[in-house]
Amino acid sequence: MGKDQQRADRDIHFPALLRDVMGREPATTPPGAPNGAAAQKKSFRADIQGIRCLGLAIVFLTHAEVDAVPGGFVGLDAFFVLSGFLITGLILAEMDRTGTVSLMKFYARRIRRLLPLAMFVLFAVVIASAVMFSPVRNDAVAGDVIAAAFYFVNWRFAAQSVDYFAANALESPIQHFWTLSVEEQFYLVWPALLLLAFVWWSRNRRGSLRAKLWLVVLLTGVPSLYYSAFVVDDGGASYSYFSTLSRVWEFSLGGALALALPKELKLPGPVVAVLSWVGVGTLIVTAMIFTPELNYPGTAALAPTLATAAIVIAGTTAIAPKPTRMLASKPFQYIGDLSYSWYLWHWPAIVFAREAWGELSSLELIGVIAASWVPAHISHKLIEQPFRYSRPLARRPRRALAFGFASMAIAVAMAVSLTGLQPTVRTASAGQAIGAAAALEGEALQSSAQALQPQPREAKDDRGQLYEDGCLVEQTETESPECVYGRRSSDKRVVLFGNSHAFHYAPAMMRLARKRSWRLTALLRAGCPIGDVRFAHRCDVWREHALARIEEREEPDLIVVATTTELATGVVEDGERLDLEDSRDALHEGLVRTLDRLRETGARVVLMADLPRSSEDVPDCVSRELDALERCAFPDERDRETRFDARAADRLDGVEKIDPTPLLCPRRLCPAVMGNTLVYRDTNHFTATFARTLAPWLDRRLPVADANG
């Protein structure tokens with residue numbers, strides 16, 4: 001091995017999330033690894049390895065659902081800052097040493113560090129999923145694996161509005177891969193941006209190189225922080241949480257530290273102690289006081305990121321206060337060494353344990369995480385380290401790149417095989433799939449099905465024409481498009497207004513619009529309560545626009561309203577977001593105000609009372625229990641307090657209420673299948689196919705014959 005290669009392998013240790021500190025070497029240097037004890041002693045930052053251990057621990061406690069640590073997600077912010085700090089410092093060192101940055105060698109090292117173990121975990125997840133999961137769930141896992149293999153799974157989860165903080169019947173065993181995707185997207189761009197700044201400076205040598213590099217940090221970090229804090233809708237917490245755009249500033253903060261800090265910073269001992277104690281304390285305290293209801297990351301993430309920066313600054317000095325010594329202790333160092341592997345294995349272990357044994361206590365979840373140490377330790381020794389120090393791959397970066405693409409292709413092929421081998425059920429004909437008519441005719445609970453419509457594996461996409469036309473406005477939008485159906489010139493004007501729980505009546509309403517020659521306008525937004533409350537900026541703006549449009553443009557004869565009574569996050573009062581239970585009273589009063597405002601238009605107002613919600617994904621259960629569909633039926637266990645929408649309608653004269661519960665849940669048991677038709681596409685939304693069969697039932701209940709008086 002040549003001296004240049006030795007120097008590169010010694011100095012350019014590009015970090016990964018939860019892994020690889022600057023210049024870190026294992027206690028026993030693997031065969032072929034470069035020797036450099038002096039360089040190691042000089043560059044190794046034990047405090048950074050310790051921060052990784054601390055961050056991993058609080059992530060584990062939150063995933064174990066320990067009540068005292070609901071905000072362990074702040075550990076991920078610490079990792080992002082560390083990654084930005086380390087990679088920027090290493091790129092600066094390479095620029096100083098070689099006068100350039102080799103992107104090919106950089107990405108080859110990334111592949112050697114990350115891909116072998118990550119792809120192996122994906123292989124293991126595919127195999128376990130094939131054994132344990134239903135066809136519907138395996139379709140979802142296959143899509144997740146493909147997205148994870150190409151490092152864009154965070155955008156997939158953002159688009160799906162996955163609730164990262166909730167245990168979900170269809171939670172992905174690789175949901176934690178979103179962090180790797182965010183980091184790799186950053187690493188794909190960041191070295192190139194720094195290299196461009198270096199080339200720009202080297203061509204004319206005007207000004208300072210550091211100034212050009214600072215410009216990169218500011219031009220990426222400031223817009224990202226602004227976007228995270230003020231642009232992304234706070235009601236769309238899942239989208240913001242998974243978005244790379246709302247995370248870039250955390251990496252840039254780390255880059256700013258690398259640019260600003262010298263190799264050794266001289267600070268008074270008391271200042272170093274304060275920085276260290278405050279940094280470690282803030283990370284722990286935010287993990288204990290931050291909750292899933294918090295709009296995140298946004299400005300709230302400044303606390304853990306600046307805390308991480310404080311620890312890094314303290315560790316740059318020659319002084320070692322007690323927190324720094326703690327982070328440098330052997331247990332912290334050991335877990336820091338193992339952190340990447342353990343992080344990859346712990347979440348699949350939790351998901352598959354829940355599938356096998358049902359809901360687990362916090363103590364049981366801690367046991368599952370502890371047990372995941374076994375594959376983590378083995379794969380760290382047999383996969384992660386050998387590939388990291390592979391002499392053939394280190395000597396030939398192109399070979400490393402080829403290996404990376406090949407391993408990704410194998411992961412994708414396995415994912416395709418997973419979905420391709422799943423059994424299917426025959427699609428019921430139109431005559432067989434009678435849906436709600438079966439309940440109207442008094443048929444007993446359907447216990448088995450030889451044919452269904454839609455098929456369970458297709459249910460999530462069975463949303464109807466309004467969805468395809470973009471009339472269910474997403475969380476990033478503030479106005480609805482035109483969305484007019486039926487006979488546009490009709491003097492019978494009907495408005496369907498609400499969130500996704502109004503949207504799923506659209507197929508039935510469209511049938512009635514064609515039958516009765518209505519002009520039907522759909523004003524619908526996902527995840528947005530229609531009550532007059534503060535919930536999220538873009539949601540609140542959309543609601544006001546929609547109400548103003550109803551009052552000023554639509555001149556409706558009939559307004560059909562529906563809203564969910566269960567939100568992913570609470571409403572805002574006096575600048576603070578309430579928890580879900582305290583939000584109900586505010587939602588009730590807000591809905592009364594909205595209904596009263598709609599009533600003032602002179603239209604007849606009808607509230608469609610909200611539905612009960614299944615505790616598990618209905619298509620997933622049906623695909624697994626075709627011969628025992630009663631196992632997929634769920635009870636309606638709501639009380640009057642929960643059903644605040646119905647109470648709001650009861651308070652106002654002139655507001656009518658239609659409750660679908662007696663039809664959907666005879667004897668308070670809600671079947672998953674009616675008349676060979678799958679009722680729900682998830683836990684609480686109708687399939688469009690079933691919704692169309694509601695048209696005759698709805699026609700008899702809506703005050704449509706004399707809608708305009």
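## Helix H9

Helix H9 covers residues 209-231. At 1.5 Å a residue, its 23 residues should span 33 Å, and the end C-alpha atoms lie 32 Å apart, which agrees. The model is predicted.

Buried positions in H9 begin with Leu209, Lys212 and Leu213. Val216, Val217, Thr220 and Gly221 are buried too. Ser224, Tyr227 and Ser228 complete the list. Residues three or four places apart on an α-helix point the same way, because there are 3.6 residues a turn.

## Helix H25

Helix H25 holds 20 residues, 580-599. At 1.5 Å a residue the expected span is 28 Å. The end C-alpha atoms are 28 Å apart, so the helix agrees with that figure.

Which residues of H25 are buried? They are Ser583, Ala586, Leu587, His588, Gly590, Leu591, Val592, Thr594, Leu595 and Leu598.

## Thr286 in H12

Thr286 sits in helix H12, which runs over residues 269-289. Is Thr286 buried or exposed? Its relative accessibility is 4%, so Thr286 counts as buried; the cut-off for buried is under 20%.

Beyond its neighbours within four places in sequence, Thr286 is in contact with four residues named here: Gly71, Val74, Ala303 and Pro304.

## Ala46 in H3

Ala46 belongs to helix H3, residues 46-63. At 17% relative accessibility, Ala46 counts as buried, because the limit is under 20%.

What does Ala46 touch, leaving aside neighbours within four places in sequence? Its contacts are Leu327, Ala328 and Gln333. Trp342 is 296 residues from Ala46 along the chain, and their C-alpha atoms are separated by 19 Å.

## The whole protein

The protein has 30 helices and 15 strands. Its radius of gyration is 28 Å, close to the 27 Å that the globule rule gives for 709 residues, so the protein is as compact as a globular protein of that length. Along the principal axes, the C-alpha atoms fill a box of roughly 90 × 50 × 50 Å.

Of the 709 residues, 58% are buried. Among contacts between residues at least 6 apart in sequence, 81% join residues at least 24 apart.

## Surface and charge

The exposed area is about 28600 Å². Carbon and sulfur atoms supply 56% of that area.

The protein carries 76 positive and 77 negative charges. The mean positions of the two sets are 11 Å apart.

Note on methods: Residues numbered from 1 in each chain as written. Predicted model: local features only at pLDDT ≥ 70, side-chain atom pairs only at ≥ 80, totals over all residues. Heavy atoms only, no water. Helix = DSSP H or I, 4+ residues; strand = E, 2+ residues; numbered from the N terminus. Rg over C-alpha atoms; globule rule 2.2 N^0.38 Å. Buried < 20%, exposed > 50% of the residue type's maximum accessible area, 1.4 Å probe, protein only. Contact = heavy atoms within 4.5 Å. Areas by Shrake-Rupley, 256 points an atom, 1.4 Å probe, with all protein chains shown as cover. Lys, Arg positive; Asp, Glu negative; His and termini not counted. Charge placed at Lys NZ, Arg CZ, Asp CG, Glu CD. Expected span 1.5 Å × (residues − 1).
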